[in-house]
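Student: Pick one spot in this structure and give me a close look at it, please. Then work outward from there, and keep it informal.

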Amino acid sequence: MTEQELIHRTEQYVRKTLKDSESGHNWFHIERVWKNAKQIGQQENVNMLVVQLAALLHDIADSKFYHGDETIGPKMARSFLEKQKTDTSIIDHVIKIMENISFRSGYEKLSFLSTELQVVQDADRLDAIGAIGIARAFHFGGYKNREIYDPAIPPDLNMTKEAYKKSTSPTINHFYEKLLLLKDKMNTITGKRIAEERHIFMETYLQQFFAEWNGEA
Ligand code: ADP
Ligand code: NI
């Protein structure tokens, strides 16, 4: 099978698997991350097959929807890629990226590092910020029945991994707890550049939000 065929089959598999998933993690999220990853990867010395497969498969089974089980996604991806007779070295690399990509693993020491991981991680982080990131955050908050904002509940910047998962705080807090921190966590030059633009957009958005909240705009 050619690389193009493998990528195409992976795309079909992911589309089908995510058919009924909620809109923060549906096929369109994957498609955006895939595009971001190709754009960022072009500027780096990386194996683009690994980058593309990892971008396509990274949310194949979000642990949030599997009782926190973080091993299901990597297992599904491995079994899919083995059926396609993909090289073991490629499979192992894709799985390592999937295991290490999440923001939450930022709380622990990374056990693996590669430029391919850095590219896909940047691509995924970009989709959490800017206009799309704002939409995804409020969508997620609504899905979890959270308040938009509550001045009495300040952001908590020192949450443990467990507290972060259990948090029920208003969606505006999520900007301070995660989204506004992402630009300084970007790995690649291209990722940083795009993140900075999206960051400014979020700051402008928040200024307007609070101005409207306080009757000043
Ligand atoms: P990703 O799949 O992008 O690594 P997550 O699974 O953590 O990220 O979250 C999916 C989307 O939901 C992201 O856009 C993220 O910002 C948003 N999200 C996650 N946690 C919260 C929260 N507590 N409040 C609002 N939005 C959230
Ligand atoms: Ni993702």
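Tutor: N145 sits in the loop that runs between α7 (130–143) and α8 (161–166). Keep in mind that this is a predicted model. What catches the eye at N145 is the backbone: its phi is positive, about 60 degrees, although the residue is not a glycine. The residue is also out in the open, because its relative accessibility of 72% puts N145 in the exposed class, where the cut-off is over 50%.

Now look for another residue with this kind of backbone, and you land on K85. Its phi is near 60 degrees, again a positive value in a residue other than glycine. K85 belongs to a loop as well, the one between α4 and α5 (88–100). With 71% relative accessibility, K85 counts as exposed.

While you're looking at loops, step over to the one between α3 and α4, where you'll find G68. This glycine has a relative accessibility of 34%, so G68 is classed as partly exposed. Setting aside neighbours within four places in sequence, G68 makes contact with S63 and K165. For a sense of scale, put a ruler from G68 to I200: the two are 132 residues apart along the chain, and 33 Å separates their C-alpha atoms.

That loop between α3 and α4 leads us to the metal. What holds the nickel ion (ligand 2)? H29 and H58 each offer NE2, while D59 and D124 each offer OD, at 2.1 to 2.3 Å. Along the chain, these donors of the nickel ion (ligand 2) are spaced as H-x28-H-D-x64-D. D59 comes from the loop between α3 (48–57) and α4 (72–83), and D124 from helix α6 (residues 115–126), so this pair ties together parts that are 65 residues apart in sequence. Both D59 and D124 are buried. The geometry at the nickel ion (ligand 2) is irregular, with angles of 80 to 168 degrees among the 4 donor atoms. Why isn't the site called tetrahedral? The tetrahedral class needs all angles between 85 and 135 degrees, and the range here runs from 80 to 168, so the site of the nickel ion (ligand 2) doesn't qualify.

Next, go from the metal into α3 itself, where V51 lies. V51 is buried, with a relative accessible area of 0%. Not counting residues up to four places away in sequence, V51 touches A37, V46, E116, V119 and V120. The C-alpha atoms of V51 and Q121 are separated by 9.9 Å, with their positions 70 residues apart along the chain.

G41 shares some of those partners. G41 is in helix α2 (residues 27–41), and at 2% relative accessibility it counts as buried. Beyond its neighbours within four places in sequence, G41 is in contact with V46, M48 and V119. Its C-alpha lies 9.2 Å from that of A123, although G41 and A123 are 82 residues apart along the chain.

Now for the core. Nonpolar side chains tend to be buried together in soluble globular proteins. The largest nonpolar core in this model has 53 residues, and the members that touch the most others are V14, L53, L81, V94, F175 and L179. Which helix gives this core its largest share? That is α3, with 8 residues. Take L179 for a closer look: apart from neighbours within four places in sequence, it is in contact with A128, I129, G133, A137, H174 and M202.

F175 turns up in an aromatic group too. One aromatic cluster is made of F138, Y149, F175, Y205, F209, F210 and W213. In total there are 11 aromatic pairs. F209 and F210 form one that is edge-to-face, with 5.5 Å centre to centre and 85 degrees between the planes. F209 has a relative accessibility of 14%, so it counts as buried, whereas F210, at 21%, counts as partly exposed.

Finally, a ring with a charge over it: the charged end of K38 sits over the ring of W34, 4.1 Å from the ring centre.

Methods. Residues numbered from 1 in each chain as written. Chains lettered and ligands numbered in written order. Heavy atoms only, no water. Donors = N, O, S within 2.8 Å, 3.2 Å for Na, K, Ca; no water. Tetrahedral: all angles 85-135°; square planar, octahedral: opposite > 155°, others 65-115°. Helix = DSSP H or I, 4+ residues; strand = E, 2+ residues; numbered from the N terminus. Buried < 20%, exposed > 50% of the residue type's maximum accessible area, 1.4 Å probe, protein only. Phe/Tyr/Trp six-rings, centres within 6.5 Å; stacked < 30°, edge-to-face > 60°. Lys NZ or Arg CZ within 6 Å of the ring centre and 35° of its normal. Contact = heavy atoms within 4.5 Å. Core = buried A, V, L, I, M, F, W, Y, C linked by side-chain atoms within 4.5 Å.
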